[in-house]
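Visitor: I have a model open and would like a quick tour. Can you take me through it?
Guide: Sure, ask away.

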Amino acid sequence: MGASEQAGSAADLEVPSSGPEADDFAELVRRHRRELHVLCYRLLGSFEEAEDHVQDVLLRAWRSREDFEGRSSVRTWLYRIATNACLDTLRRDARRAVPASPGPSAGLGPSVAGMPWLQPYPDHLLDELADDQPGPEAVAVNRETMSLAFLATIQLLPPRQRAVVILRDVGGWSAAETAGLLDMTVPAINSALQRARATLRDQWPGGRLEWAPAARSDPGQRRLLQTYIEAHEQADPEMLIAVLRHDIRLAISRVGEWRGRDDVAAALRRGMNSLGRWRLLPIPANGQPGVAGYVRRPGESVFVPFVLTLLRFDQGALVDVAAFEQPSLFARFGLPAVLT
């Protein structure tokens with residue numbers, strides 16, 4: 001599904017399809033929907049759940065439009081509705097309890113293996129919004145704060161601390177603005193931010209310096225990405241093992257995690273070709289390189305969606321592999337349903 005299909009309209013939200021009021025609301029949807037989606041994505045960690053929440057937020061906004069008194073901007077009003085909706089979900093969802101980490105891995109941040117709700121975010125949607133939105137809206141969706149490492153780390157924070165970090169450190173809201181939006185005092189906001197930053201430092205050595213993946217891959221990185229693709233398509237795990245760093249981490253959401261070159265190499269030799277033949281397409285997500293993996297099982301004639309994988313390279317080696325076996329996400333990346 002492309003960005004234009006996701007942009008929505010007044011009709012999608014069960015409001016009148018014509019008239020000045022509906023037209024104004026349709027413009028509000030057009031301007032703020034993607035930014036609200038990124039806000040919900042950061043809070044929830046899930047692309048699909050963020051879509052559901054934004055739809056609900058805009059429906060709530062339409063139904064309560066007469067209560068909006070103009071004492072804040074429309075953007076602030078929508079942020080309040082969206083943040084509170086996400087906080088409600090986080091408080092009541094026991095599935096989001098993150099297991100204790102065995103310790104940070106080479107400064108890469110927590111693993112996605114124990115976060116079954118976490119999903120990648122397509123870069124092309126951020127590109128379209130950045131081109132369309134100047135000012136604070138563009139800051140709010142900056143790819144530098146969409147890295148998977150950052151998203152995984154803030155999942156460790158309690159819901160309100162997470163919201164404070166996203167609003168203050170990512171969105172650039174003042175303490176007073178954040179306090180007003182979350183119905184907290186300024187001292188409470190500052191205290192929550194201090195505790196959240198301490199957790200981030202402990203769980204993710206390097207902190208904000210690691211928030212900013214390279215804006216565009218260098219030739220060495222592109223060669224490593226091609227090696228990753230060719231190793232799978234040629235059914236040659238040794239080709240891939242040759243470019244693993246000694247402290248490589250392989251994490252598969254909802255499945256498990258392997259650390260260190262020996263363990264990852266053993267997992268690749270055992271499992272890389274167990275499903276069938278592979279076809280891989282490059283995809284950028286969360287500001288870093290990745291691939292969409294299609295598998296053709298024995299006896300089948302086409303390659304079908306299987307896994308989205310985000311990669312991190314450092315100094316000529318592969319250091320982190322985060323895989324998401326979620327075929328439903330392929331459409332969100334504009335990927336084909338099958339490959340022949």
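**Strands first, then helices**

Guide: Start with one pair in the sheet: Ile252 has Ala323 in E6 as its bridge partner. Keep in mind that this is a predicted model.

Visitor: Which way do E1 and E6 run, parallel or antiparallel?
Guide: Parallel. E1 and E6 pair over 5 bridges.

Visitor: And how many bridges join E1 to E2?
Guide: There are 4, and E1 and E2 run antiparallel. Ala251 is in that pairing, standing opposite Glu257 in E2.

Visitor: What sits between those two strands?
Guide: A hairpin connection of 3 residues. Arg254 in this hairpin takes a positive phi, near 75°.

Visitor: Is E1 buried or exposed?
Guide: Mostly buried. 8 of the 9 residues of E1 are buried, so the rest of the structure largely encloses that strand.

Visitor: What's the strand order in the whole sheet?
Guide: It goes E2-E1-E6-E5-E4-E3. The sheet is open, has 6 strands and shows mixed pairing.

Visitor: Which strands stand at the edges?
Guide: E2 (256-259) and E3 (277-285). Each has a single partner strand, so one side of each has no neighbour in the sheet.

Visitor: How are neighbouring strands turned against each other?
Guide: By 20° on average, ignoring direction.

Visitor: Back to E6. How is it joined to E5?
Guide: Through 7 bridges, with the strands antiparallel. E5 covers residues 304-314 and E6 covers residues 317-324. One pairing to look at is Phe313 with Leu318 in E6.

Visitor: Which helix packs on the sheet and touches E3?
Guide: H11, residues 219-233. H11 also touches E4 (288-296), E5 and E6. The direction of H11 makes about 155° with that of E3.

Visitor: And what lies across E1 and E2?
Guide: That's helix H13, residues 261-271. H13 runs at about 55° to E1, which spans 244-252.

Visitor: Switching to helices. At what angle do H8 and H10 pack?
Guide: About 95°, with the axes 9 Å apart. H8 and H10 are therefore roughly perpendicular to each other. H8 is residues 159-170, and H10 is residues 186-203.

Visitor: Which residues meet there?
Guide: From H8, you have Gln161, Val164, Val165, Arg168 and Asp169. From H10, they are Ile189, Ala192, Leu193, Arg195, Ala196, Arg197 and Leu200. By type, the residues of this contact are 7 nonpolar, 1 polar and 4 charged.

Visitor: How many residues of H8 are buried?
Guide: 9 of 12, so H8 is mostly covered. Among the buried residues are Gln161, Val164, Val165 and Asp169. Arg162, Ala163 and Ile166 in H8 are buried too.

Visitor: How far does H8 reach?
Guide: 15 Å from its first C-alpha to its last. That is close to the 16 Å expected at 1.5 Å a residue.

Visitor: What comes just after H8?
Guide: Gly172, with a positive phi of about 75°.

Visitor: Let's zoom out. How many helices and strands does the protein have?
Guide: 13 helices and 6 strands.

Visitor: What share of the residues count as buried?
Guide: 52% of the 340 residues of the protein.

Visitor: Last one. Among contacts between residues at least 6 apart in sequence, what share join residues at least 24 apart?
Guide: 67% of them do.

Notes. Residues are numbered from 1 along each chain as its sequence is written. This is a predicted model: local features need pLDDT of at least 70, side-chain atom pairs count only at pLDDT 80 or more; totals for chains, interfaces and linings use all residues. Side-chain values use heavy atoms; hydrogens and water are left out. Axes are lines fitted to C-alpha atoms, for helices over the stretch in contact, and angles run from 0 to 180 degrees between N-to-C directions. Angles under 35 degrees count as roughly parallel, over 145 as roughly antiparallel, 65 to 115 as roughly perpendicular and the rest as oblique. Contact means heavy atoms within 4.5 Å. Ala, Val, Leu, Ile, Met, Phe, Trp, Tyr, Cys and Pro count as nonpolar, Asp, Glu, Lys and Arg as charged, and the others, Gly among them, as polar. The expected span of a helix is 1.5 Å times one less than its number of residues. Buried means under 20% relative accessible area, exposed over 50%, partly exposed in between (1.4 Å probe, protein chains only). Two strands pair if DSSP finds at least two bridges between them.
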